[in-house]
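Welcome! Here is a short briefing on one protein model, covering its pockets and its sheet. Have a look at the structure first, then read on.

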Amino acid sequence: MAASGVKRPPRPAPASSGGMVWKLILALAVFLPALLYQQLQPPPPKICGSPGGPPVTGTRTRLKDGRHLAYLESGVPKDQAKYKIIFVHGFDSCRYDALPISPELAQELGIYQLSFDRPGYAESDPNPASTEKSITLDVEELADNLQLGPKFYLMGFSMGGEIMWSCLKHISHRLAGVAILGPVGNYWWSGLPSNVSWHAWNQQLPQDKWAVWVSHHLPWLTYWWNSQKLFPASSVIAYNPALLSEEDKLIMPKFAFRTYMPQIRQQGEYGCLHRDMTVGFGKWSWSPLELEDPFTGGEGKVHLWHGAEDLIVPISLSRYLSEKLPWVVYHELPKFGHMFPLADGMADTIVKSLLLGDQPLQAS
């Protein structure tokens with residue numbers, strides 16, 4: 001029992017509920033943005049040849065900035081070739097997806113074809129500083145490393161087709177002729193009338209409108225948008241069969257069941273697929289509509305090919321560009337979809353038109 005007159009020490013006052021709430025809010029204010037930031041960040045790429053990364057199995061060349069490009073040569077030997085062609089592959093593809101020129105035509109005309117993995121695809125190192133211009137400089141340096149000479153022919157399909165416009169802008173002095181096949185278009189290119197861009201825009205599936213919109217306006221969100229499971233992301237990445245025309249359905253087995261498909265995304269989807277989207281649909285400082293004829297002396301031609309039934313890349317932009325650029329030889333294929341370069345005999349037709357100047361094919 002306490003002695004009389006001795007006071008007990010005061011008990012500490014309980015913490016107010018309001019103070020606890022504010023501490024919780026402060027903790028969440030720090031934790032939730034950190035968690036969100038982590039979710040938005042893509043994982044680091046698995047660089048080929050690095051510890052823990054995929055092995056290097058193909059032939060590669062080293063660029064000035066230290067990156068490597070994997071490449072594949074086909075056709076006649078380079079030192080025996082009359083025509084040297086560099087092929088730029090499309091979305092979710094690689095060097096093995098070169099234009100299937102027949103061996104007979106390659107021998108007859110003396111064609112050497114060089115295809116390569118674009119940065120981040122298959123066995124080429126990703127380029128974290130990739131822009132619409134950087135890939136054109138990669139093409140030029142690849143040509144120099146392999147000693148193709150002062151001029152070469154260029155062909156590109158789908159997303160690689162869009163890159164052809166950039167090559168005409170930045171390295172036209174190196175080009176002997178260009179074939180642009182089913183090119184992706186940027187709906188925000190300056191000079192496109194709103195009715196043209198909106199018509200093309202509305203040909204897409206709803207989820208693709210969102211995926212493309214995010215790539216243009218919120219590029220930092222592209223990885224999360226295309227990897228989350230809350231709602232549909234890009235139907236192109238998912239190989240949605242709704243994107244296939246009737247002709248594409250017949251051709252698609254040649255493309256969809258490629259034995260090397262696991263290699264294409266092996267370094268991570270962000271460095272190839274998602275970067276393709278942020279660059280291809282990003283904010284360009286110029287438009288193909290501003291280009292002038294690079295072959296004013298008649299020494300070469302630019303050929304633009306597009307399938308009228310293309311459900312993957314709307315034809316509207318190609319039609320408009322061909323109307324406004326009279327120096328472009330336009331070939332519209334009335335019965336074909338996006339995969340027309342893989343149709344039987346079509347590759348040889350495209351190549352002969354580029355190299356020999358065949359007349360354009362017009363829609364019926």
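The largest pocket in this predicted model holds about 530 Å³ of space. Its lining is made up of 34 residues. A second largest pocket offers about 270 Å³, and the tour then moves on to an open sheet of 8 strands.

**The largest pocket**

- If you want to find the middle of this pocket, look for F91, V236, L243, I312 and V313, which lie nearest its centre among the 34 lining residues.
- Helix 6 (206-217) and helix 9 (253-256) are the elements that give two or more residues to this lining.
- Which element gives the most to the lining of the largest pocket? That is helix 6, with 3 residues.
- Sorted by class, the lining has 23 nonpolar residues, 9 polar ones and 2 charged ones.

**The second largest pocket**

- Here 21 residues form the lining, and Y96, D97, A98, P100 and L342 are those that lie nearest the centre.
- At least two lining residues come from each of strand 2 (68-75), strand 4 (111-116) and helix 9.
- Strand 2 gives the most to this lining, with 3 residues.
- By class, the lining of the second largest pocket divides into 11 nonpolar, 6 polar and 4 charged residues.
- Helix 9 is a handy landmark: it supplies residues to the lining of the largest pocket and also to that of the second largest pocket.

**The sheet**

- To follow the open sheet across its 8 strands, read them in the order 1-2-4-3-5-6-7-8; the pairing is mixed.
- Why is one side of strand 1 (59-62) and of strand 8 (328-333) left without a neighbour in the sheet? Both stand at the edges and have a single partner strand each, so one side of each has no neighbour there.
- From one strand to the next, the twist averages 25 degrees.
- Strand 3 (residues 83-88) runs parallel to strand 4, and the two pair over 6 bridges.
- For a closer look at strand 4, find F116, which has V88 standing opposite.

**A helix on the sheet**

- Helix 4 (residues 159-170) packs on the sheet, where it touches strand 3, strand 5 (152-157), strand 6 (175-181), strand 7 (302-307) and strand 8.
- The direction of helix 4 makes about 145 degrees with that of strand 6.

Definitions and conventions. Residues are numbered from 1 along each chain as its sequence is written. This is a predicted model: local features need pLDDT of at least 70, side-chain atom pairs count only at pLDDT 80 or more; totals for chains, interfaces and linings use all residues. Side-chain values use heavy atoms; hydrogens and water are left out. On a 1 Å grid over the protein atoms alone, a cavity is a set of points where a 1.4 Å probe fits but cannot get out, and a pocket is an open set with protein on both sides within 12 Å along at least five of seven lines; lining residues have an atom within 4 Å of a point. Grid points are joined across faces, edges and corners, and a volume is the space filled by probe spheres set on the points. Helices (H or I, at least four residues) and strands (E, at least two) are DSSP runs, numbered from the N terminus. Ala, Val, Leu, Ile, Met, Phe, Trp, Tyr, Cys and Pro count as nonpolar, Asp, Glu, Lys and Arg as charged, and the others, Gly among them, as polar. Two strands pair if DSSP finds at least two bridges between them. Axes are lines fitted to C-alpha atoms, for helices over the stretch in contact, and angles run from 0 to 180 degrees between N-to-C directions. Contact means heavy atoms within 4.5 Å.
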